Amino acid sequence: VVRHLGIVGECNIQYALNPHSLEYCIIEVNARLSRSSALASKATGYPLAFVAAKLSLGIELNELQNAVTKVTQACFEPSLDYVVTKIPRWDLNKFSGVSTNIG
């Protein structure tokens with residue numbers, strides 16, 4: 001996606017999933033950091049904001065040390081078994097008379 005759009009650096013992509021067919025589509029692409037990026041950084045230990053800042057200064061990934069492995073370049077991601085999931089939460093109690101059914 002990012003290569004197709006020509007994005008360099010950090011990117012936030014939001015998908016919509018049809019749970020019945022498992023078809024998905026992209027609903028939003030932002031070439032910026034998001035709060036989800038901070039969650040992913042914290043969960044994986046990979047400093048996304050730091051790397052994005054260096055990329056915006058023109059430094060390439062192969063010039064940065066990978067903060068996780070400490071021996072490879074930032075463009076190399078080791079095979080790690082992790083999944084970071086952010087589940088939305090709507091506080092519907094803030095709105096009087098609103099339906100609590102979503103969908």
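## Close-up views of a predicted chain

**View A. R35, K42 and A43 are exposed on one side of helix α2, the other side from its buried residues.** The model shown here, as in every view below, is a predicted one. The buried residues of α2 are S37, S41 and T44, and they lie on the same side of the helix because they cover an arc of only 85° around its axis. What covers these buried residues includes helix α3, residues 48–56. Helix α2 itself spans residues 35–44 and, among the elements of the chain, has the lowest mean pLDDT, at 77. The residue that follows α2 is G45, whose phi is positive and near 80°.

**View B. S41, in helix α2, has a side-chain polar atom 3.0 Å from the backbone nitrogen of L48.** S41 counts as buried because its relative accessibility is 16%, and the cut-off for that term is under 20%. When its neighbours within four places in sequence are left aside, S41 is in contact with Y46, P47, L48 and A49. Of these contact partners, Y46 and L48 also belong to the largest nonpolar core of the chain, which is the subject of the next view.

**View C. The largest nonpolar core is made up of six residues, namely Y46, L48, V51, L55, L64 and A74.** In soluble globular proteins, nonpolar side chains tend to be buried together. One member of this core, A74, touches Y46, L61, L64, Q65 and N66 when residues up to four places away in sequence are not counted. Those partners of A74 include Y46 and L64, which are themselves members of the core, and they also include N66, which is shown in the view that follows.

**View D. N66 lies in the segment after helix α3, and a polar atom of its side chain is 3.2 Å from the backbone nitrogen of T69.** N66 counts as buried because its relative accessibility is 1%. A74 is in contact with N66. K70 is found in the segment after α3 as well, and there its phi is near 65°, a positive value in a residue other than glycine. Most residues other than glycine have a negative phi. K70 is exposed, with a relative accessible area of 53%, whereas N66 is buried.

**View E. Strands β1 and β2 run antiparallel and are joined by six bridges.** The two strands form a hairpin with six residues between them; β1 covers residues 12–17, and β2 covers residues 24–30. Among the elements of the chain, β2 has the highest mean pLDDT, at 88. L22 is found in the loop between β1 and β2, and its phi, near 65°, is a positive value in a residue other than glycine. With a relative accessibility of 61%, L22 counts as exposed.

**View F. L17, in strand β1, stands opposite Y24 in β2.** L17 counts as exposed because its relative accessibility is 55%, and the cut-off for that term is over 50%. Not counting residues up to four places away in sequence, L17 touches L22, E23 and Y24, so that its contact partners include L22, the loop residue with the positive phi of about 65° in the turn of the hairpin. L17 and I27 are ten residues apart along the chain, and their C-alpha atoms are separated by 10.0 Å.

**View G. The chain as a whole, given for orientation, has three helices and two strands.** From the N terminus on, these elements run in the order α-β-β-α-α. Of the 103 residues of the chain, 17% count as buried. Among contacts between residues at least 6 apart in sequence, 19% join residues at least 24 apart. The mean pLDDT of the chain is 79, and 88% of its residues reach 70 or more.

Technical notes. Residues are numbered from 1 along each chain as its sequence is written. Side-chain values use heavy atoms; hydrogens and water are left out. pLDDT is the predictor's confidence in each residue, from 0 to 100. Helices (H or I, at least four residues) and strands (E, at least two) are DSSP runs, numbered from the N terminus. Buried means under 20% relative accessible area, exposed over 50%, partly exposed in between (1.4 Å probe, protein chains only). The arc is that of the directions from the helix axis to the C-beta atoms. Contact means heavy atoms within 4.5 Å. A polar contact is a pair of N or O atoms within 3.5 Å; within protein, one must be able to donate a hydrogen and the other to accept it, and residues adjacent in sequence count only if both atoms are side-chain atoms. A nonpolar core is a set of buried Ala, Val, Leu, Ile, Met, Phe, Trp, Tyr and Cys residues joined through side-chain atoms within 4.5 Å. Two strands pair if DSSP finds at least two bridges between them.
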